[in-house]
Amino acid sequence: MELKQFVPSEVCLACDVCCRFSEADSVWSPLLTDTDICKIPKQLINKNNKLRLVPYNDVYLCPCFNPVNNKCGIYNNRPLDCMLYPFLLAKRNNKIFLSFDLKCPFLQKKQGSPEFKDHVKYLVEFLGQDELKELIKRNPQIIGDYQEDVVFLQEIALK
Ligand code: SF4
Ligand code: SF4
């Protein structure tokens, strides 16, 4: 499954927001689908089916993250949640929304721009594919219960 990225890779490589977390059990650590779990080495996954974050200086890192070069060690097999980010799936009033995280400095700048709107349309179409709808239905854990810093964009209907 390939997903077009909105944030240019050179921007992400120079940013220190993603893949690092303030707590060992952060709600922001990637949410894994059953398909993701099959692709990731078992020793990197904890008993809650989440990535086993590792302490590093005063934060916790995704075990797949290399802090020396800022790169993901499983980039081509990274979880859907990571492919989508800084967009994400969030729930409100029992509905699922394509949303985005204001903590991403690039999206803060680009929100509302024509390219942002085009990308939202692209993601809504992507998530509306039967294969994706089935994946989401099978894996409700990937719909986050976030509220803070999350901007709700458009409902994703799974029926
Ligand atoms: S916060 Fe945004 S710019 Fe920074 S690494 Fe994450 S996606 Fe890239
Ligand atoms: S799997 Fe890769 S992209 Fe996702 S949090 Fe870990 S290092 Fe970052």
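Biologist: How do the residues of the shell around ligand 1 divide into nonpolar, polar and charged?

Modeller: Keep in mind that this is a predicted model. Around ligand 1 we find Val7, Val11, Cys12, Cys15, Val17, Cys18, Tyr85, Pro86, Cys104 and Pro105. Val, Cys, Tyr and Pro each count as nonpolar, so sorting that shell gives no polar, no charged and ten nonpolar residues.

Biologist: And how does the shell around ligand 2 divide?

Modeller: Let's go through it in the same way. Ligand 2 has Cys19, Pro30, Cys62, Cys64, Phe65, Cys72, Ile74, Pro79 and Cys82 around it. Cys, Pro, Phe and Ile are on the nonpolar list, so the split for ligand 2 is no polar, no charged and nine nonpolar residues.

Biologist: Which space does ligand 1 take?

Modeller: A molecule sits in a pocket if more than half of its atoms lie within 2 Å of the pocket's grid points. By that rule ligand 2 is placed in the largest pocket. For ligand 1, the space taken is also the largest pocket.

Biologist: What volume does the largest pocket have?

Modeller: Here's the idea behind the search: rolling a probe the size of a water molecule over the atoms shows where empty space is left. For the largest pocket, the volume comes out at about 1,100 Å³.

Biologist: Which residues that line the largest pocket are the closest to its centre?

Modeller: The lining of this pocket, with its volume of about 1,100 Å³, is made of 42 residues. By class they are 28 nonpolar, five polar and nine charged. Of those lining residues, the ones closest to the centre are Cys12, Val17, Cys18, Cys19 and Tyr85.

Biologist: Which element gives the largest share of the lining of the largest pocket?

Modeller: The elements that give two or more residues to this lining are helix 1 (9-13), strand 1 (20-21), strand 5 (71-72), helix 3 (80-84) and helix 4 (105-110). The largest share is four residues, and they come from helix 1.

Biologist: Is Cys18 buried, partly exposed or exposed?

Modeller: Cys18 is in the loop between helix 1 and strand 1. Its C-alpha atom is 23 Å from that of Pro140, a residue 122 positions away along the chain. The relative accessibility of Cys18 is 33%. Since buried means under 20% and exposed means over 50%, Cys18 counts as partly exposed.

Biologist: What about Leu132, buried or exposed?

Modeller: Leu132 belongs to helix 6. The C-alpha atoms of Leu132 and Asn76 are 18 Å apart, with their positions 56 residues apart along the chain. The relative accessible area of Leu132 is 0%, so Leu132 is buried.

Biologist: How many salt bridges does the structure hold?

Modeller: Side chains of opposite charge can pair when their charged atoms come close. One of the pairs here is Lys110 with Glu115, at 3.2 Å from N to O. Counting up the salt bridges in the structure gives five.

Biologist: How many residues apart are Asp34 and Arg138, which meet in a salt bridge?

Modeller: The side chains of Asp34 and Arg138 meet at 2.7 Å, N to O. This pair links distant parts of the chain: Asp34 is in helix 2 (residues 34-39) and Arg138 is in helix 6 (residues 130-138). Asp34 is partly exposed at 31%, and Arg138 is partly exposed at 46%. Along the chain, the two are apart by 104 residues.

Biologist: Which residues are linked in a network of salt bridges?

Modeller: Start with Asp101 and Lys103, whose closest N and O atoms are 3.3 Å apart. Asp101 is buried at 1% relative accessibility, whereas Lys103 is partly exposed at 31%. The network of salt bridges links Asp101, Lys103 and Asp149.

Biologist: What volume does the largest cavity have?

Modeller: The count is one cavity of 30 Å³ or more. The lining of the largest cavity includes Leu3, Phe6, Met83, Tyr85, His119 and Leu123, and helix 3 and helix 5 (114-127) are the elements that give it two or more residues. By class the lining has nine nonpolar, two polar and one charged residues. The volume of the largest cavity is about 40 Å³.

How values were computed. Residues numbered from 1 in each chain as written. Chains lettered and ligands numbered in written order. Predicted model: local features only at pLDDT ≥ 70, side-chain atom pairs only at ≥ 80, totals over all residues. Heavy atoms only, no water. Near = heavy atom within 4 Å. 1 Å grid on protein atoms, 1.4 Å probe; cavity = no way out; pocket = protein on both sides within 12 Å on 5 of 7 lines; lining within 4 Å. Salt bridge = Lys/Arg side-chain N within 4 Å of Asp/Glu carboxyl O. Buried < 20%, exposed > 50% of the residue type's maximum accessible area, 1.4 Å probe, protein only. Points joined across faces, edges and corners; volume = space filled by probe spheres on them.
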